[in-house]
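The following questions and answers are for someone meeting this structure for the first time. Please look through the sequence and the model before reading on.

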Amino acid sequence: MTEVDIIKRNVARHALDLIEPGMTIGLGTGSTVEWLIKELAERVAQGFVLTVVPTSLKTAELVRKIGISVVDLNDVDALLLTIDGADEIDPFGQLIKGGGGALLQEKIVAAASQELIIIADYTKHVTQLGQFPLPVEVIPFGYKNVAKRILASGECKSCILREKADAPFITDHGHYILDCNYERISNPMELDLFLHNIPGVVETGLFIHLATRALIGFPDGRVEERKFR
Ligand code: 5RP
């Protein structure tokens, strides 16, 4: 196991305390969340009951495998808590997400949830968003034109179609992803509005005013809690 894996597992163990038996929670996508699912498996085997609104087909498959029931967001009256990972998190709790390609459903579930708690290792904590290329989910039709408009703004250094096995990466909802390198995002809210105004853009990986708390893990075993509202 790498050092980062050990940190992710440690953060996931801390996150277990947030989950009470009988709850229905939103569950994100990615390797940190997968550690949480592995940790939950032991509890579920001992009779712990939990229902999950998954943010991707992958998460749905993983939780089903360990005996957790999956429910559609449409069938949930109120979602108190969602736990998810992030690619970058700034001091205000603004995030870049979508490294795993699940940003659309992740944002829908996060927006429906009273609390969004991010679990991440210290490498994700940044002073300013933008080092991680911003994933932008787009409709396949005319995506090259969308990429041109993103680049024409002048702030974006490169805008690359995400690929998997030499073919475009296809999201769970049948879309493409453009990975847009900004280096530094000085105004995430303004950028999010600009991107949403381009026809063909479905969603962006900018999560603003959604995270309520973060658990950040460090190499010395510390897990720091940050509150954003
Ligand atoms: C998936 C995501 C993930 O939360 C993000 O990529 C972090 O992943 P990991 O926990 O593997 O570092 O946004 O769309």
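Q: Against which elements do the buried residues of α2 pack?
A: This is a predicted model, in which local features need pLDDT of at least 70, side-chain atom pairs count only at pLDDT 80 or more, and totals for chains, interfaces and linings use all residues. Residues are numbered from 1 along each chain as its sequence is written, and side-chain values use heavy atoms, with hydrogens and water left out. Among the residues of α2 that are buried (under 20% relative accessible area, 1.4 Å probe, protein chains only) are Trp35, Leu36 and Leu40. The buried residues of this helix pack against α1 (3–16), β1 (24–27), α3 (57–65), β4 (79–84) and β7 (113–121).

Q: How far apart are the end C-alpha atoms of helix α2?
A: The expected span of a helix is 1.5 Å times one less than its number of residues. For the 15 residues of α2 (residues 31–45) this gives 21 Å, and the end C-alpha atoms agree, being apart by 21 Å.

Q: Which side chains meet in a salt bridge?
A: A salt bridge here is a side-chain nitrogen of Lys or Arg within 4 Å of a carboxyl oxygen of Asp or Glu. At 2.8 Å from N to O, the pair that meets in this way is glutamate 203 and lysine 107.

Q: How much area do domain 1 and domain 2 bury between them?
A: The domain bounds, which come from an automatic or database domain assignment, are 3–126 + 209–219 for domain 1 and 134–203 for domain 2. Buried area is the accessible area (1.4 Å probe) that two parts lose on being put together, summed over both. With 61% of it on carbon and sulfur atoms, the area buried between the two domains is about 1100 Å².

Methods:
Helix = DSSP H or I, 4+ residues; strand = E, 2+ residues; numbered from the N terminus. Buried < 20%, exposed > 50% of the residue type's maximum accessible area, 1.4 Å probe, protein only. Contact = heavy atoms within 4.5 Å.
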